[in-house]
Amino acid sequence: MFLLAGCVTGDSRERAALLAKKSGLNSQNLQTSRFELRIWQRITAPAQPVRVYIEGDGYAWVSRTRPSDDPTPRQPTGLMLAAADASANVLYLARPCQFIGPPLPANCGTTWWTDNRFSPTVVQAMDEALSQSLQPWTGIQIELVGYSGGGAIAALIAARRDDVRSLRTVAGNLDVAYVNAVHNVSAMPDALSAIDVAPRLANLPQIHFTGSADSTVPPETARRFQQAASGRCVRIEQVQGMAHGSDWAAVWPSLLQQQPDCR
């Protein structure tokens, strides 16, 4: 199994709520066909695109073999990126069962943040939540951003929709089988993988930010995705000294100045 977790310090829900509030992000729970999902959003200029952030895998594992009882991230990097974004329109999507409860709903079994975290059921639920979130604003365009495992979800959602105008990932797990093999952990036979939809995204402007010191999702992951996409719209930017759990939010405003395009 694959460990993507941080240490437990304080109440993760309260700290996340305070971070969001300071950034003018308002919370809401959305009921999809399978899960209740937490979102935070700030939409102040509906005529402009909305930048959509998708959280990482969260506190999925207590140890290499023991799943956590609650996937709510101790360091919600995806939310931190959203909070660091001063754009008029920002929407943040938590992954299934993150920031829900306590107690967690009965359908929040550990499989949804471990073996099945990239399953069709999860991707469909995330896509449903995104559509629900944007219902009040007909025709609004989307700029997707995903952190870690949220990068995989972002790419998979982009391949399903026709309202996405760009994709950014931060330390994105864009090749699930490769990353699992790097860490010598169990295969995930039901997992959807971003690399499998890479050719369909070849003409979508995108930037994949990798950390030169990232041993969790190595930079080679993005290079494999770029090769699979084989298009002039897929760019990789390696950020020196950054590891998987580094403070990406601190450098995010400057990274956002780089615009995805097709060169």
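The side chains of Arg 235 and Asp 261 come together in a salt bridge, with 3.5 Å from N to O. Arg 235 belongs to strand β8 (residues 234–239) and Asp 261 to the segment after α8 (248–255), so this pair ties together parts of the chain that sit 26 residues apart in sequence. How buried or exposed are the two partners? Arg 235 has a relative accessible area of 11%, so it counts as buried. Asp 261 is partly exposed, because its relative accessibility is 32%. Keep in mind as you look around that this is a predicted model.

Let's stay with charged pairs for a moment. Side chains of opposite charge can pair when their charged atoms come close. The count for this structure is 14 salt bridges. One of them joins Asp 70 to Arg 13, and the closest N and O atoms there are 2.7 Å apart. Where do you find these two? Asp 70 is in the loop between β3 (50–54) and α2 (77–83), while Arg 13 is in helix α1 (residues 12–22), so the pair links distant parts of the chain, 57 residues apart. Asp 70 and Arg 13 are both buried.

Now turn to Arg 161, which makes a salt bridge with Asp 127; here the closest N and O atoms are 2.7 Å apart. This is another link between distant parts of the chain: Arg 161 is in the loop between α4 (149–158) and β6 (164–170), Asp 127 is in helix α3 (residues 120–134), and 34 residues separate them. Arg 161 counts as buried because its relative accessible area is 18%. Asp 127 is buried too, with 12% relative accessibility.

Salt bridges can also join up into something bigger than a pair. Which residues do that here? Arg 51, Asp 85, Glu 143, Arg 165 and Arg 168 are linked in a network of salt bridges.

Arg 168 also turns up on the contact list of a nonpolar residue, Leu 144. Leaving aside neighbours within four places in sequence, Leu 144 is in contact with Arg 168 and others, including Val 52, Ile 54, Leu 130, Ala 154, Ile 157 and Val 164. In soluble globular proteins, nonpolar side chains tend to be buried together. The largest nonpolar core of this model has 50 residues, and Leu 130, Leu 144 and Leu 201 touch the most other members. A second core, separate from that one, has 24 residues, among them Ala 16, Phe 99, Tyr 147 and Leu 255.

Leu 201 also takes us to Gln 206, since the two are in contact. You'll find Gln 206 in strand β7 (residues 206–211). Is Gln 206 buried or exposed? Its relative accessibility is 0%, so Gln 206 counts as buried. What does its side chain reach? The side chain of Gln 206 comes to 2.9 Å from the backbone oxygen of Leu 204. The side chains of Gln 206 and His 208 are also joined, by a polar contact of 2.8 Å. Beyond four places in sequence, the contacts of Gln 206 include Leu 167, Phe 225, Cys 233, Val 234 and Pro 260, and also Arg 235, the residue we started with.

Next, the backbone, where the loop between β4 (89–93) and α3 is worth a visit. Pro 102 is in that loop, and a cis peptide bond with omega about 0° joins Gly 101 to Pro 102. Pro 103 is in the loop between β4 and α3 as well, and the peptide bond from Pro 102 to Pro 103 is also cis, with omega near 0°. Cys 97 has its place in the loop between β4 and α3 too. The phi of Cys 97 is positive, near 75°, and Cys 97 is not a glycine. Cys 97 is buried, with a relative accessible area of 1%.

Asn 184 has a positive phi as well, about 55°, although it is not a glycine. Asn 184 sits in the loop between α5 (176–182) and α6 (194–197). With a relative accessible area of 65%, Asn 184 is exposed.

Finally, how far does the confidence go? The average pLDDT of the protein is 94, and 96% of the residues score at least 70. Residues 1–10 have pLDDT under 50 throughout, and the model gives them 32 contacts beyond four places in sequence. Where pLDDT is low, the predicted coordinates should not be read in detail.

Definitions and conventions: Residues numbered from 1 in each chain as written. Predicted model: local features only at pLDDT ≥ 70, side-chain atom pairs only at ≥ 80, totals over all residues. Heavy atoms only, no water. Salt bridge = Lys/Arg side-chain N within 4 Å of Asp/Glu carboxyl O. Helix = DSSP H or I, 4+ residues; strand = E, 2+ residues; numbered from the N terminus. Buried < 20%, exposed > 50% of the residue type's maximum accessible area, 1.4 Å probe, protein only. Polar contact = N/O pair within 3.5 Å; in protein donor to acceptor, adjacent residues only side chain to side chain. Contact = heavy atoms within 4.5 Å. pLDDT = per-residue confidence, 0-100. Core = buried A, V, L, I, M, F, W, Y, C linked by side-chain atoms within 4.5 Å.
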